[in-house]
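Trainee: Could we go through this one together? I'd like to learn how the labels get decided.

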Amino acid sequence: MFLLLSVTAGAKEKQQQKRTVEVAVTNIDGRGIEGAFVYGENILSCTDYRGECVIRVSGKGGLIRVEADGYSPKSIDVGKNKSVTVSLSEAGDFGPDASKVSLWYKEMDKESVLSSVSSVDVENRASVDRYGIGDTESYIFGLLPGLREGSNIRGIAKALYVIDGVPGRDITQVSPDEIESVTVLRDANALALYGSQGANGVVLVNTKRGKIQKNEVTISADYGLDFHKALPSYLSSSEYMTLYNEACINDGLAPKYSQESIEQYASGMNPYKYPDFDFFSKDYIKSARNRADVTAEFRGGEDNLRYYVNLKYSHYGTFEKINPEIDKGANRYQVRANLDFRINKFITSSVDVMLSIGSDKNAHNSLFSSANSLRPNLYAPLIPLECLSDELRGSSFMQTVKVYDGYILGGNSSYKDIVPIADIFGGGYVNRIDRNTQISNTVNFDLSFITKGLYAKTFIGFDYYDLYNLSVTNQYNFYEPTWDGEQIVALTALGQDDLKGQVEKVGVRGFTMRLGGNVQIGYDRTFGRNNVSAMFLAHTFMTKPRNVIQEEVNSHLAFDISYNWDRRYFIDLTGAYLNSTKLTPGHRGGFSPAISIGYVLSNEPFMENVDFLDYLKVRASYANLKSDASISEYYLYQDFYQVKGSGSFAWDDGTYTLPATGMVNGSNYNLTYINKNDISAGLEAELFKSLNFEAVYFRSEQDGFVKRSGVTYPSFYQDFAPYYNNGTMKYEGTEIAVSYKKRYGDFRFDIGANFTYTDARITAIDEVTPEYDYLSDIGKPVGSISGLRADGLYQTSDFDGENLKAGLPVPTFGNVQPGDIKYIDKNKDGVIDVKDKESIGTTIAPFSLGVNFTLRYKALSLFVLGRGMFGGNAMLNHKTYYWADGEDKYSNVVSDRWNNDNQENATFPRLTTGSSAHNYQNSTYWMYDNSYFDLARVQLTYALPKKLMQKSGIGGLEISVIGDNLYRFSKNREYMELNIGSEPQFRSVLLGLRMSF
């Protein structure tokens, strides 16, 4: 319907006398721009080498739109002029170089923004960076300052996404080619208007909209391969058996496997009788999976009607190679339609609709999730028919055995519950489906007929997202073989008779409904040198997930009043009054005020002759924000009872038994908001028409976190202990963003870098005064890792017989032997226990860095993006892969274990068939530095000359070669790139094509 309306509107040709207008298109230095396109109603022209062209317009003139690669587009009304000159400014990537900043509730000039706001014009980057880096969330990480991996703002907390005006929408449902701009709000002054939800940062995402006087169709297609970076590496059967024997000897036990048996498994002469099963061999895992995207965009309109429609299909294959019948991968179909129209002279409106459906069909089980449990020597999961004796193959028993492409499903009677391959082949399938519907409407009222500068706006949004499974579950049999020499003479059934499921079952996994809107009224007017702006907002949104009785409601009233004199001196007052249903009636209200000031020195008369300085602004802000976003539950303020998971009581002389009910927490009717005090100071500058610079200092103190006390009440009273506000954290740091752009003839290059440092500390917390200062959490980093400090491994010289030598501290986590981890006795009390645990690292990296580089030469462009995090730590604590004991499968990590022949240089403790609780404590032995810098993207694009394309009826044609997530620079890359129990991380290589008409 949108397409029909727009095409009908665009096809109307006004029957008016035409006249010619000369158009000159220049850059800000007055140099003509060759190849700029001029659009209008029934107008399409391209400038020559001087930057000039001639167009025909109606007698009254009309709107034209001018676009050129590397420049921000501009629309003007030619009126009755015989000639016009259009000056285009070069498109900037972020920060002060952007002439306009979208803050959802209004669009502001860069001079008027008094808080830390960074933005990227995704649409204007299309010619050099058309595709997202894996997904939209990672696409913007690295381009914008303050935004970290996982959409974390400054290392403080995850940001709120506001997508086309609706808070809380899922960013994974938005593809980068739909996006017009992304803006990150980091300072409290800008965040106050977003209420409780936005207290930790906001990311605004605006999708594309129609363009006046331009109708175009763009077809994009890309195809590529994802190559896995790393796969888990486990030992072979013979290696496992040899090392397990060593573990037995370490524990004083007899070896489990004979040397003859080990040699048989090592020989490989009969891999079905002596199996050596590798989940990650090329027989089961592909080296690469395919991916494809096809997008059609329709865009255009006139003053009364504009439209944007995006139709998209995406496919991702799978790395798993087996059972092609159900191994289909993921598919997604999506349509987005944004329509803007004028109702009358004073009212405009927009309607946005997005519909999406995705499916992912696979087996009930996965190779990746099962790989760490099935030891390689247990059994052969697939047995070929050739291994069966002739007698068995011709027996009536075989009539009941199901054969899968020449194989029978194998098993072991001692491990009936560990049959991942049999489950994949015989267990049926599950198709995971998600559907997403998003609808929103905006109505804008121009109330200037009441008084100049007055306006109003209403917005409503409705989202519905649901997930469900369509599954068929089959009964299947699997068999343990009986061998006679090199042939199988009998099969023992271990499962159920093969029976294919006849009913496709529907299983609801969840849904989320979101409904709400806002109303605002504003005033913006200039009186001489004085500009006054005011806006009042009433906002409410309800979110209701599946199986949650109490929906989440976020409501607030807000205002924003700003004043500037002569565009030099700025002040902005912002406030929001919150209402939280998570708090006690009477305590649900909270007020969040903020104030900002700014001074644009470059607009002072005495700066007019400073040629090198194009723009300079200093600013500062303070805010006191209230938030209930981190309060996880409702009704925490009152007494709460619940049926206990265990325990019951009898009554009526024991005739009846009922489950016991107990108290979960006591009441605290003074529970209140988490309080956040923020200050910020910043400087923005543009120099030599080429260099942009921004520096920010910020400090945020958050206190009143809602938690239960482990100190105030004795242990026997814990069931009655209430929730209360306690604890303070301080975040302090700096942000720096720099970009430089220059043009030399046909060459143009842009370099951008952003850096963020955050020192996050716990400054107050409810705790018992510790026996030792280092046990206190006060002063430790937020995200602190508590653990022991390791001092290598015990050697035989540390023991007298089976006992530690006198004078060595005695561990309390279990008996130790040579080859176990030696810990430092922090408190010098002669015992290794929890009192020796201290802060050994932090999970939150204090430093983040993003670098981007663009080089253009005529129709060729190269884009490179790098990003990194530095100063954080992680633990190698995955059970079975790094922490292997008992009957666990052995990974290659244990190859360099301690034994009598490898004592001094061992990198892994001794092996044991029992529990190794002593070794598997959080400690510096298992901790590593997870600092990294990623070569996140390299894209080479060639755009065929537009004049050449214009003759063929094609507006533009671009060919791109793209590499995503190419390489990670880190000394611990092998740990960081390895996924255990899930699909592997991958790097992508794609070929893309983009045509416009």
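Trainee: Which strand does Tyr857 lie in?

Mentor: Tyr857 lies in strand 51, residues 847-857. A strand here is a DSSP run of E with at least two residues, numbered from the N terminus. Before we go on: this is a predicted model, where local features need pLDDT of at least 70, side-chain atom pairs count only at pLDDT 80 or more, and totals for chains, interfaces and linings use all residues. Residues are numbered from 1 along each chain as its sequence is written, and side-chain values use heavy atoms, with hydrogens and water left out.

Trainee: Why is Tyr857 called partly exposed?

Mentor: Its relative accessibility is 36%. Buried means under 20% relative accessible area and exposed means over 50%, with partly exposed in between (1.4 Å probe, protein chains only). So Tyr857, at 36%, counts as partly exposed.

Trainee: What makes the salt bridge between Lys676 and Asp678 count as one?

Mentor: The rule asks for a side-chain nitrogen of Lys or Arg within 4 Å of a carboxyl oxygen of Asp or Glu. Lys676 and Asp678 meet at 3.7 Å, N to O, so the pair fits the rule.

Trainee: Are Lys676 and Asp678 buried or exposed?

Mentor: Lys676 has a relative accessible area of 5%, so this residue is buried. Asp678 comes to 8%, so that one counts as buried as well.

Trainee: How do you know that Glu732 and Lys730 form a salt bridge?

Mentor: Their closest N and O atoms are 3.9 Å apart, so they pass the rule too. Glu732 is partly exposed because its relative accessibility is 25%, and Lys730 is partly exposed with a relative accessible area of 25%.

Trainee: How many salt bridges are there by this rule?

Mentor: The count comes to 55. One of them joins Asp352 to Arg209, with the closest N and O atoms 2.7 Å apart.

Trainee: What does the pair of Asp352 and Arg209 tie together?

Mentor: Asp352 is in strand 22 (residues 347-363), while Arg209 is in the loop between strand 17 (202-207) and strand 18 (216-228), so the pair ties together parts that are 143 residues apart in sequence. Both residues are buried.

Trainee: What makes strand 11 and strand 13 edge strands?

Mentor: They belong to an open sheet of three strands in the order 11-12-13, with antiparallel pairing. Strand 11 (147-148) and strand 13 (157-158) each pair on one side only. Two strands pair if DSSP finds at least two bridges between them, and two bridges join strand 11 to strand 12 (residues 152-153). Arg148 stands opposite Asn152 there.

Definitions and conventions
Helices (H or I, at least four residues) and strands (E, at least two) are DSSP runs, numbered from the N terminus.
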